[in-house]
Amino acid sequence: MAESAAPKKKDGIWETIKTIFWALVIAGIFRTLFFQPFWIPSGSMKDTLLIGDFLFVNKMAYGYSQHSCPFSVCPISGRILGSDPERGDVVVFRHPVRNVDFIKRVIGLPGDTVQMRGGRLFLNGEEVQTTPAGDFVETKEQQGPQGLIPRCVNDPVDAGGECVKTRTTETLPGGHSYDVLNITDGWVADDTPTYTVPEGHYFFMGDNRDNSEDSRFPTEIGGLGFVPAEYLIGRADRIMFSSAGRSLLYFWTWRPDRFLKAVN
């Protein structure tokens, strides 16, 4: 009896290994071709995206490139099955210098000129329409696994107090509207040179304008600069889950009102 039991045990282990292997292969294919999970680690896209939002990135939106695969190992030159993002899309892309994934909003398309003047956005020489949208208020406390502390218009604010940011609604040419936040006037990137977006590149900005390292900062000084099209990974369409706590296990910090929320 012992002689017949050993081969069965070995066969069972081998079947388990094969099952795990094929499950990983299928998950890798799904992640590469269709949807990639992305966890929001910082507050640069508030209040559209909050620290602790979990979403799936639509990788079919703009086609595929080298960076569509984990660790950028896809054997692809340029983009295949590609389509262009629209102004206002919220996009996950590979940082051209740091080799990490970022998420920002498309502001400038190839050929556009982009400039900030006094904290106002100008596209192709015209000021982008804005309307007041009240204040964005959050609690002054540590946020996310990194324990980030939000900056506030009304600083200094004690821990647990109300942290306020000024909010306006910005409407791009073409009609796409979204909220942007302001923390302080006269910030370093509130006034910029005029940037002309090169062919095959895009200009990105965060919605939390005074807390976003984006295309306003050139790569020469460690910033983002213009992002080549082949670095685009996918479009953020919907928040699947959200947690305000430092751990996903802190169920009392979950935000049910953000579950399945569309990304504007």
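Strands β11 and β12 run antiparallel and are joined by six bridges. This pair is a good place to enter the model, which is predicted. One of its bridges links arginine 167 to leucine 181 in β12. Between the two strands of this hairpin lie five residues, and glycine 174 takes a positive phi near 105 degrees there.

**The three-stranded sheet**

The hairpin belongs to an open sheet of three strands, in the order β10-β11-β12, with antiparallel pairing. β10 (129–139) and β12 (177–182) are the edge strands; each has a single partner strand, so one side of each lacks a neighbour in the sheet. On average, neighbouring strands here are turned by 30 degrees against each other, direction ignored.

On the β10 side, nine bridges join β10 to β11 (residues 162–171), and these strands also run antiparallel. Within this pairing, aspartate 135 stands opposite threonine 166 in β11.

**Two buried residues**

Threonine 169 sits in strand β11. Is threonine 169 buried or exposed? Its relative accessible area is 18%, and the cut-off for buried is under 20%, so threonine 169 counts as buried. Its contacts beyond four places in sequence include Gln129, Thr130, Thr131 and Ala133, along with Ser177, Tyr178 and Asp179. Glutamine 129 lies 40 residues away along the chain, yet the C-alpha atoms of threonine 169 and glutamine 129 are separated by 8.3 Å. Threonine 169 also has a polar contact of 2.8 Å, side chain to side chain, with aspartate 179.

Serine 65 lies in strand β3 (residues 64–65). The table sets the two residues side by side.

| Residue | Strand | Relative accessible area |
|---|---|---|
| Threonine 169 | β11 | 18% |
| Serine 65 | β3 | 0% |

Which residues does serine 65 contact, leaving aside its neighbours within four places in sequence? They are Cys74, Ile76, Gly78, Arg79, Glu230 and Leu232.

**The nonpolar core**

Leu232 appears again in the largest nonpolar core, which has 14 residues. Leu232 is one of those with the most contacts inside this core, together with Val91, Phe93, Val106, Tyr202, Phe204 and Val227. Three elements give two or more residues to this core: β5 (90–94), β6 (101–108) and β14 (201–205). In soluble globular proteins, nonpolar side chains tend to be buried together.

Phenylalanine 204 shows the range of partners. Beyond four places in sequence, phenylalanine 204 is in contact with Val91, Phe93, Val106, Leu224, Val227 and Leu232, among others. Its contacts also include Lys104, Arg105, Asp214 and Ser215.

**The four-stranded sheet**

Another open sheet has four strands in the order β9-β8-β7-β13, with antiparallel pairing. Its edge strands are β9 (126–127) and β13 (195–196), and each pairs on one side only. Strand β8 (residues 120–123) pairs with β9 over two bridges in the antiparallel sense. In this pairing, phenylalanine 122 has glutamate 127 in β9 as its bridge partner.

**The whole chain**

How many helices and strands does the chain have? The count is one helix and 17 strands. The chain has 264 residues, and 43% of them are buried. Among contacts between residues at least 6 apart in sequence, 61% join residues at least 24 apart. The chain exposes about 13700 Å², and carbon and sulfur atoms supply 59% of this area.

Technical notes
Residues numbered from 1 in each chain as written. Predicted model: local features only at pLDDT ≥ 70, side-chain atom pairs only at ≥ 80, totals over all residues. Heavy atoms only, no water. Buried < 20%, exposed > 50% of the residue type's maximum accessible area, 1.4 Å probe, protein only. Contact = heavy atoms within 4.5 Å. Areas by Shrake-Rupley, 256 points an atom, 1.4 Å probe, with all protein chains shown as cover. Pairing = 2+ DSSP bridges. Axes fitted to C-alpha atoms, helices over the stretch in contact; angles between N-to-C directions. Core = buried A, V, L, I, M, F, W, Y, C linked by side-chain atoms within 4.5 Å. Polar contact = N/O pair within 3.5 Å; in protein donor to acceptor, adjacent residues only side chain to side chain.
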